[in-house]
Amino acid sequence: MKKILLLFTIFTLSIHSNAQDVKIKKDNILVDKVKIGSIEKKGNWLMGTTYYVKNNNGDRVFTFSKKYANSVLYPELIKYGFDALIFEDNSFIAISDEKYSQDDEEIAEYIVKYGLLDEKGVNKESVLKLISNSDTVTGSIKSTLEKESVLRKDIDFQVARVSKNYAVFIHKTNKYNDQKLVYDIYQFDSLENDHNDKTLIGYAEQKQDSEGKSSYTLFNSKGVPLAYFTSGLNGSRYFHFKPGKEVKRFGINSNSSAEVAIETMALDLIRYDNL
């Protein structure tokens with residue numbers, strides 16, 4: 001029992017001896033009360049914030065800011081943002097630490113965690129090690145881009161049907177994709193609107209936020225996104241991905257039912273020969 005307590009005490013002391021006290025005081029980065037550099041903040045939450053890390057000589061050595069990766073499917077319209085660490089030569093890595101958030105205290109913790117800076121300046125060995133173990137996009141964005149690359153071949157796919165002039169029918173399913181409710185989109189094969197005589201041409205996903213506001217993404221039958229509608233505090237916005245543009249006038253709003261919103265989007269895409 002005494003041996004177990006002794007080992008526990010040694011282990012606890014080891015943890016505390018390796019822990020470093022990292023603080024920000026008047027923009028200075030202090031590690032165990034020793035200044036290793038400072039942080040300069042530019043911008044704001046609305047326009048975007050950039051943090052410049054300086055060594056003790058006042059030279060900018062690291063930049064923490066947002067970077068963006070263009071969508072493979074719709075590079076003109078869709079960009080995926082991520083937090084990045086930018087080096088003096090403008091090369092950069094994506095910050096993949098799950099607990100990281102862009103503020104001065106988190107940045108200081110990040111720098112110390114990877115040993116990037118001390119009172120003498122930049123630790124080049126630690127920087128190179130971090131670069132070798134990192135990527136230029138986050139894992140989730142990389143996965144999204146890989147999926148888009150696969151979908152790209154079906155970006156123009158349309159299901160063969162009797163006519164594009166007949167009515168469409170929206171069917172609410174019991175299926176969910178990543179907690180988004182799925183609606184199937186059919187086009188009737190005749191003017192009679194016979195439910196036994198229709199063709200599945202695509203589907204839509206409905207996502208609701210904490211306030212009950214809905215957004216809709218419409219896909220062709222191969223899973224390629226074609227249009228997006230959202231409503232929120234800044235009003236409603238509606239996008240066609242092919243070609244990449246925002247639709248300024250449209251017949252749906254935040255009060256439209258899911259079926260009406262999806263039907264309107266589907267008919268728009270059929271009108272532009274995109275579905």
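T199 is buried in this predicted model, its relative accessible area of 16% falling below the limit of 20% under which a residue is counted as buried. The residue belongs to strand β12, which spans residues 198-208. When neighbours within four places in sequence are set aside, the contacts of T199 are with V159, A160 and R161, together with I185, Y186, Q187 and D189.

M47, by contrast, has a relative accessibility of 70% and is therefore classed as exposed, the threshold for that class being over 50%. M47 is located in the loop that links β3 (34-44) to β4 (48-54), and with W45 and L46 it makes up a nonpolar surface patch of about 500 Å².

Helix α3, formed by residues 124-132, has S126, V127 and L130 among its residues in the buried class. Because these three span an arc of only 100° around the axis, they lie on the same side of α3. Such an arrangement can be read against the general geometry of an α-helix, in which there are 3.6 residues a turn, so that residues three or four places apart point the same way. The cover over the buried residues of α3 includes the strands β5 (60-70), β6 (79-86), β7 (92-94) and β9 (121-122), as well as helix α2 (104-113). On the face turned away from the buried side of α3, the exposed residues are K124, E125, L128, K129 and S132. At the start of the helix, a side-chain oxygen of N123 comes to within 3.2 Å of the backbone nitrogen of E125.

Terms used. Residues are numbered from 1 along each chain as its sequence is written. This is a predicted model: local features need pLDDT of at least 70, side-chain atom pairs count only at pLDDT 80 or more; totals for chains, interfaces and linings use all residues. Side-chain values use heavy atoms; hydrogens and water are left out. Buried means under 20% relative accessible area, exposed over 50%, partly exposed in between (1.4 Å probe, protein chains only). Helices (H or I, at least four residues) and strands (E, at least two) are DSSP runs, numbered from the N terminus. The arc is that of the directions from the helix axis to the C-beta atoms. Contact means heavy atoms within 4.5 Å. A polar contact is a pair of N or O atoms within 3.5 Å; within protein, one must be able to donate a hydrogen and the other to accept it, and residues adjacent in sequence count only if both atoms are side-chain atoms. Patches are made of residues with over 30% relative accessible area and no salt bridge: like charges are joined within 9 Å, nonpolar side chains (Val, Leu, Ile, Met, Phe, Trp, Tyr) within 5 Å. Accessible areas come from the Shrake-Rupley method with a 1.4 Å probe; for residues, only the protein chains shown count as cover. A salt bridge is a side-chain nitrogen of Lys or Arg within 4 Å of a carboxyl oxygen of Asp or Glu.
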